[in-house]
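These are my notebook entries on one protein model. I looked up backbone geometry, nonpolar cores, strand pairing and helix packing in turn.

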Amino acid sequence: SVTVASGVPGRILELNTDFGKTVHKGDVLAQIDPTEYRIQVERFRAAFHQALARLGLKPGDENVPPTSTAMSRQAQAQLEDAKFKYESAAKLVKSGDVSQERFTELEKAYGARQAALEASQDDLRTMWLSMESLKADVKLAEKRLNDTTIRAPFEGAIVQKHVSPGQYIKDNTPILTLVKVNPLRLRVEVPESASWSVRIGTPLSFDTDAAPGVEFHATVRELNPSLDSKNRTLTAEARLA
C-alpha cells in the first residue's frame, strides 16, 4: 500500500475517486488548483525568452552557446579600429608626423577597447549562465504545475480518503491511501530446522481463517539471505496468482 500525497500546496479542486473504488495506473485521483502554478510557468518562460533574445538566440537554439552578441561584435569592431589607428601612429610617431601626445592618446584608446571587448565577453558568459538558470526555473515550474495533478502510481483500490474538495493542503499532505491487491504476497517465517527445504520456486499451500475450508497455493519468490538473529527463522515471501 502507499499513501498518495501532494507534491505542492494548494486547494483541492476535485477528487475523482472514493473509498472502495478501483483505479488503474495513471488515473487522475485528484486535482489541485493549477492557476498559480500555470502563471509561474508563463512568467519564467517569458524571462527565459528575454534571456534568449539578449543572446541573439531563438527558442530551440539554447543548447548551443553563442560565440558573440551584438555588443561583443561592436566591441570587436571598435577594437580593430583602435588597433589600426594605434599601429599607424606607432610608425608615424618616430618620424614626427604624429605627436607623442596624440600617440599616447591612441595607445590608451586601444587599451580601453581591449578592456571593453573582454568585458563584453564576460557579459556574454554571464548572460549564458543566467539563461541556463532560467531554463532550470522553467523546468522546475513545469514540474510543480504537473504535480498539481495527482495520479495513481499503480493499479489498486482506495482504502482511505484523507481530504475533501475545497480543502487547502500543504505539500506532502496525505490525500488517499491506495492498496495493490494483485498479486497478493504471503510472508512466512520458516524455523531454522526446516529452512533447508525452502528455495526460490518452492510451492506451498496454506489456509486462512478468512476463508475456512479453502486451501490456497503459492510459490516462493524471495528469500531473506540470513536468519533472524533473535528467533532464528528464515523469512520467505510467496506470490499468489
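The entries below follow the order in which I looked things up.

**Entry 1: status of the model**

I note at the outset that this is a predicted model. I therefore treat every value below as computed from a prediction.

**Entry 2: backbone geometry**

I began with the peptide bonds. I found a cis peptide bond between Asn-182 and Pro-183, with omega about 0°. Pro-183 lies in the loop that connects β8 (174–179) to β9 (184–191).

I then turned to phi. Most residues other than glycine have a negative phi, and most peptide bonds are trans. Asn-172 is not a glycine, yet its phi is positive, at about 70°. I located Asn-172 in the loop between β7 (168–169) and β8. Is Asn-172 buried or exposed? Its relative accessibility is 59%, so Asn-172 counts as exposed, the cut-off being over 50%.

Arg-232 also has a positive phi, near 55°, and is a residue other than glycine. Arg-232 sits in the loop between β11 (216–223) and β12 (233–240). With a relative accessible area of 39%, Arg-232 is partly exposed.

**Entry 3: nonpolar cores**

Which residues have the most contacts inside the largest nonpolar core? They are Ile-12 and Ile-175, in a core of 17 residues. Two or more residues of this core come from each of β2 (10–15), β4 (28–32) and β8.

I listed the contacts of Ile-175, leaving aside neighbours within four places in sequence. Among them are Val-4, Ala-5, Ile-12, Leu-15, Ala-30, Ile-150, Val-163 and Ile-169. The list also includes Ser-6, Gln-160, Lys-161 and His-162.

I noted a second, separate core of ten residues, which includes Leu-52, Leu-55, Leu-124 and Met-131. One of these, Leu-55, is found in the loop between α1 and α2 (70–95). At 2% relative accessibility, Leu-55 counts as buried, since the cut-off is under 20%. I also checked Leu-55 against Asp-97: the two are 42 residues apart in sequence, and their C-alpha atoms are 44 Å apart in space.

**Entry 4: strand β2 and its partners**

I next looked up the pairing of β2. Strands β2 and β7 pair in the antiparallel sense over two bridges. The bridge partner of Gly-10 in β7 is Ile-169, and Ile-169 also appears among the contacts of Ile-175.

β2 is also joined to β4, by three bridges, and these two strands run antiparallel. Here Ile-12 stands opposite Ile-32 of β4.

Leu-13 is found in strand β2 as well. How far does the burial of Leu-13 go? At 47% relative accessibility, Leu-13 counts as partly exposed. Not counting residues up to four places away in sequence, Leu-13 touches Gln-31, Ile-32, Asp-33, Pro-34 and Pro-165. For one of these, Asp-33, I noted the separation: 20 residues in sequence and 5.7 Å in space, C-alpha to C-alpha.

**Entry 5: the four-stranded sheet**

In what order do the strands of the open sheet lie? The order is β9-β12-β11-β10, four strands with antiparallel pairing. β9 and β10 (203–206) are the edge strands, each pairing on one side only. On average, neighbouring strands of this sheet are turned by 45° against each other, with direction ignored.

Inside the sheet I examined β11 and β12, which run antiparallel and are joined by four bridges. Glu-222 stands opposite Glu-237 of β12. The loop between β11 and β12 is the one that holds Arg-232, noted above for its phi.

**Entry 6: helices α1 and α3**

I closed with helix packing. The axes of α1 (residues 35–54) and α3 (residues 100–146) come within 9 Å and cross at roughly 160°. The cut-off is over 145 degrees, so α1 and α3 are roughly antiparallel to each other. The crossing of α1 past α3 is left-handed.

I recorded the residues that make this contact. On α1 they include Tyr-37, Val-41, Phe-44, Phe-48, Ala-51 and Leu-52. On α3 they include Met-127, Met-131, Leu-134, Val-138, Ala-141 and Leu-145. Charged residues are not absent from my list, which also has Arg-38 and Arg-45 of α1 and Lys-135, Asp-137 and Glu-142 of α3. Leu-52 and Met-131 were already entered as members of the second core.

Note on methods
Residues numbered from 1 in each chain as written. Predicted model: local features only at pLDDT ≥ 70, side-chain atom pairs only at ≥ 80, totals over all residues. Heavy atoms only, no water. Buried < 20%, exposed > 50% of the residue type's maximum accessible area, 1.4 Å probe, protein only. Core = buried A, V, L, I, M, F, W, Y, C linked by side-chain atoms within 4.5 Å. Contact = heavy atoms within 4.5 Å. Pairing = 2+ DSSP bridges. Axes fitted to C-alpha atoms, helices over the stretch in contact; angles between N-to-C directions. Parallel < 35°, antiparallel > 145°, perpendicular 65-115°, else oblique. Left-handed = near helix turned anticlockwise from the far one by under 90°.
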